[in-house]
Amino acid sequence: SLEQNLSEARLKCRETRQAFEEASSRLELAMSADHEMKELETALAQAYDRSNPWLAEVNMRKEAEQSGMQRMLELQEARDLQEQQQKQWEKIDEIFGKKGIQSFVYEVAILELQQRAEKYLEVLSEDSLRLQLALDGSIVERKILIRMQDGSYSSRTLHQLSGGQWRRLSLALALAFSEWSMERTATSCNLLVLDEVMQHLDSEGCMR
């Protein structure tokens, strides 16, 4: 019936209102408990700060340590960069120094001089004398080879050469250097001055 339905609806409304009031009461209790918890946490932090008077100094020292580490890393990077630049300059100095381009130019010049001198020696000594030149730092090393009776070549020093051999070698070097100099300087000359060039030479050497 209608009255019975209304009675049941009123009952459900009362139950719903009662449940809502209980939920509101529990929510207020929870919010109050959360507020109390935050107050306790704040009080605990303040108590910790008061119980450790060195905390501020410790924090300051930690900050100073971190700053020092950062500065040390910056200085290390700057040092590495300077070392890298120094290596680059050393490499450039080596390339353009005595062991670089200059040495290469000298070696090429010595090789050309040796080839020209050997050409003249082949004529002047009937290929019985050979000259080898090499650059050792700033010193030109000379190696003289003498053809033996069996056709092999043996090394000799300047002091071991005879007068004629020494004169042939000296003349070959003079002619080779003159030819090389004229080619390098792009000059030409039809005059050659030799002083006592026939000294110590036999008739066959003079004829050559």
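This report walks through the fold of the chain, from its overall make-up down to single residues.

What you have here is a predicted model, so local features need pLDDT of at least 70 and side-chain atom pairs count only at pLDDT 80 or more, while totals for chains, interfaces and linings use all residues. Residues are numbered from 1 along each chain as its sequence is written, and side-chain values use heavy atoms, with hydrogens and water left out.

**The overall picture**

The chain has 5 helices and 3 strands. Helices (H or I, at least four residues) and strands (E, at least two) are DSSP runs, numbered from the N terminus. Reading from the N terminus, the order is α-α-α-β-β-β-α-α.

How much of the chain is buried? Of its 208 residues, 15% count as buried. Buried here means under 20% relative accessible area, exposed means over 50%, and partly exposed is in between (1.4 Å probe, protein chains only). The chain exposes about 17200 Å², and carbon and sulfur atoms supply 55% of that. These areas come from the Shrake-Rupley method with a 1.4 Å probe, and for residues only the protein chains shown count as cover.

Turning to contacts (heavy atoms within 4.5 Å), take those with a separation of 6 or more: 44% of them join residues 24 or more positions apart.

**The sheet**

The 3 strands make an open sheet in the order β1-β2-β3, with antiparallel pairing. The edge strands are β1 and β3 (153-156), each of which pairs on one side only. From one strand to the next, the twist averages 30°. Two strands are said to pair if DSSP finds at least two bridges between them. The table sets out the two pairings.

| Strands | Bridges | Direction | One pair of partners |
|---|---|---|---|
| β1 and β2 | 8 bridges | antiparallel | Leu133 and Arg142 |
| β2 (139-147) and β3 | 4 bridges | antiparallel | Leu145 and Ser155 |

Next door in β2 and β3, Ile144 stands opposite Arg156. As a general point, side chains in a regular strand alternate between the two faces of the sheet.

The hairpin of β2 and β3 has 5 residues between the strands, and Gly151 in that hairpin takes a positive phi near 90°.

**Helix α4**

Helix α4 covers residues 163-185, and its length works out nicely: at 1.5 Å a residue, its 23 residues should span 33 Å, and its end C-alpha atoms are indeed 33 Å apart. The expected span is 1.5 Å times one less than the number of residues.

α4 packs on the sheet, touching β1 and β2, and its direction makes about 55° with that of β1. Axes for such angles are lines fitted to C-alpha atoms, for helices over the stretch in contact, and the angles run from 0 to 180 degrees between N-to-C directions.

The buried residues of α4 include Gly164, Arg167, Arg168, Leu169, Leu171 and Ala172. Further along, Leu175, Ala176, Glu179 and Trp180 are also among them. Just after the helix comes Ala186, with a positive phi near 55°.

**An aromatic pair within α4**

Searching the whole structure turns up 1 aromatic pair. The rings of Phe177 and Trp180 have their centres 6.0 Å apart and their planes at 35°, so the pair is tilted. For the record, rings of Phe, Tyr and Trp (its six-membered ring) pair if their centres lie within 6.5 Å; planes under 30 degrees apart count as stacked, over 60 as edge-to-face and the rest as tilted. Both residues sit in helix α4, 3 residues apart, which is about one turn of the helix. Which of them is buried? Trp180 counts as buried at 18% relative accessibility, whereas Phe177 is partly exposed at 46%.

**From α3 into β1**

Leu124 belongs to helix α3, and with 11% relative accessibility it counts as buried. Leu124 is 44 residues from Arg168 in sequence, yet their C-alpha atoms are 6.2 Å apart in space. Arg168 is itself one of the buried residues of α4.

Between α3 (101-124) and β1 (129-136) there is a loop that holds Glu126. Phi of Glu126 is positive, near 55°, in a residue other than glycine, and Glu126 is partly exposed with a relative accessible area of 40%. Asp127 lies in the loop between α3 and β1 too. Asp127 has a positive phi of about 60°, although it is not a glycine, and with a relative accessible area of 22% Asp127 is partly exposed.
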